[in-house]
Amino acid sequence: KQDSGDDSGVNELGGLCLDCNSNESRIAVGFGSKTSHHAWCLHSSLIVVWNLNQAAVEHQIEIASCCTSIAYHAQLDNMLAFGLFNGTICVYELDNDGNCMLNQQLCSNHAYHTEAITALQWIAGHKLISTSMDGKLLIWSMHYNQLSQPILTHALRIHDGDTMATPISHICIQYSRDSHFVLSTQCGALMSCLLHVDIDIDDGDGSNRSTAMSTSTQLQVRDGSFGFADVVAFNFYKNLMSDQLSPMKKKKNEIEIKRKIEKYLKLHRDIQVLALSDLFACFAMNELVLYPRINTKLSYHHHDRCFVNRMQFSPFSSNIFLTSSVNGYIRIYSIFASKPMIELNYKNTKLFDAQWSPKRPCIIAAINDEQQLMIYDLLLFPHRLIPMHVTKIQFADDANKKKDTLKRLKNLRFTKSGTKICVMDNDGQVYIYEMCNELVEYNPNELKHLKRLTH
């Protein structure tokens, strides 16, 4: 157990989030207060990184707020991003000796996230996607500007004319295309959306980052023409123009954006071309412009709308994703249908997490409030609707036996190879299980079976 270190007697810390790196050598756990927050977070907390090869703590990172989300980079096994309750995102790069080679803190500017980070996910091109309870979805780039500013910004406003954004609780990204997302809200609503994030960013020495755009992409204003410093700034501008408004409101919005840019250039006559930082400075006080509406395409039916604690696309199919929620159901959807194709429930227990196996297309693991790790094999569906394996997890001995009743499972993660599964309880203790051969041996027919079930 870790103490908060707060002299005011704040409750002890517990594990809130978990992730494994790509080469399966490290596990990172984000700690935070076990009690719910009724106001702003004043807790000091920790990120603890374990080296699995040495079976020892390799690094401890002190943080100024509770950790709410954590994500290792998909390829760079030593790069770790984590989000905090106060809206801050931090990116660390650790060497093999546990020393910190990079310490990048994002969102210190109030123009970015202002509430708890709910999801972080690395995507192709060393880009990082973040969502928050403030309803914003931001896309950052490591190669373009070392994550100093987001390269695309959006907000989830359900209806045309809404001024308040809807909190985003989770996000999952389509396996084969970075443009297709599924979002969940705090009340359990599921929505499909499309975002263009495939921006051509130089991955080399960055020599093309400041190249001015051609005259064909420059805007015509009353004082002449002005251009953009690079393709990222131009795409950011196009994104501001793409707000999902009615035709009349959209035209008015475009005119206001151009006038605002024109006024900004008059006040800053030394600026020849607009950089990304200029656009943020121009619209910093106007969040309705700076964070255009997300383009939602389809709402999915979710029974007993309650908090969704996991969403994930299948690693083997770009058209299938699962959700799990505290009402005890795992639901599997096709992106083309609003209703779930498969529903799984075991003895009406509460679910705290679920995940696809990266090794076998039909294997799903889940944890519940009975301290059970459940393994489903959809290859047996619809003849068998219950888990094929159920393991009771024995918690580690606790010094204070009276608190055992408060312990529960919190998160699970498959390792990248799919041969091991890591389960964390709410004290931050991690239990690692090796999968038996039956659960890792690939069956050539199961992907066809999965697709058949979801059509």
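Below are three short exercises on a predicted model, each with a worked solution.

**Exercise 1. The sheet**

Task: Work out the order of the four strands in the open sheet, and which strands lie at its edges.

Solution:
- Start with the order, which runs β13-β14-β15-β19.
- Next comes the sense of the pairing: antiparallel.
- Now look for strands that pair on one side only. These are β13 (168-173) and β19 (295-300), the edge strands.
- Finish with the twist. From one strand to the next, it averages 30°.

**Exercise 2. One strand pair**

Task: Find how many bridges join β14 and β15, and name the bridge partner of V182 in β15.

Solution:
- Locate the strands: β14 covers residues 180-185, and β15 covers residues 190-194.
- Count the bridges. There are five, in the antiparallel sense.
- Then follow V182 across to β15. Its bridge partner there is S192.

**Exercise 3. Two helices**

Task: Decide how helices α2 and α4 are oriented to each other, and whether α4 is largely enclosed or not.

Solution:
- Take the geometry of α2 (residues 231-241) and α4 (residues 276-283). They pack at about 30°, with axes 8 Å apart.
- Apply the cut-off: angles under 35 degrees count as roughly parallel. The two helices, α2 and α4, are therefore roughly parallel.
- List the contact. From α2 come V232, A233, F236, Y237 and L240; from α4 come L276, L279, F280 and F283.
- Sort the contact by class: nine nonpolar residues, no polar and no charged ones.
- Now check burial in α4. L276, D278, L279, F280, C282 and F283 are buried.
- Conclude: six of the eight residues of α4 are buried, so the rest of the structure largely encloses this helix.

Conventions:
Residues are numbered from 1 along each chain as its sequence is written. This is a predicted model: local features need pLDDT of at least 70, side-chain atom pairs count only at pLDDT 80 or more; totals for chains, interfaces and linings use all residues. Side-chain values use heavy atoms; hydrogens and water are left out. Two strands pair if DSSP finds at least two bridges between them. Axes are lines fitted to C-alpha atoms, for helices over the stretch in contact, and angles run from 0 to 180 degrees between N-to-C directions. Angles under 35 degrees count as roughly parallel, over 145 as roughly antiparallel, 65 to 115 as roughly perpendicular and the rest as oblique. Contact means heavy atoms within 4.5 Å. Ala, Val, Leu, Ile, Met, Phe, Trp, Tyr, Cys and Pro count as nonpolar, Asp, Glu, Lys and Arg as charged, and the others, Gly among them, as polar. Buried means under 20% relative accessible area, exposed over 50%, partly exposed in between (1.4 Å probe, protein chains only).
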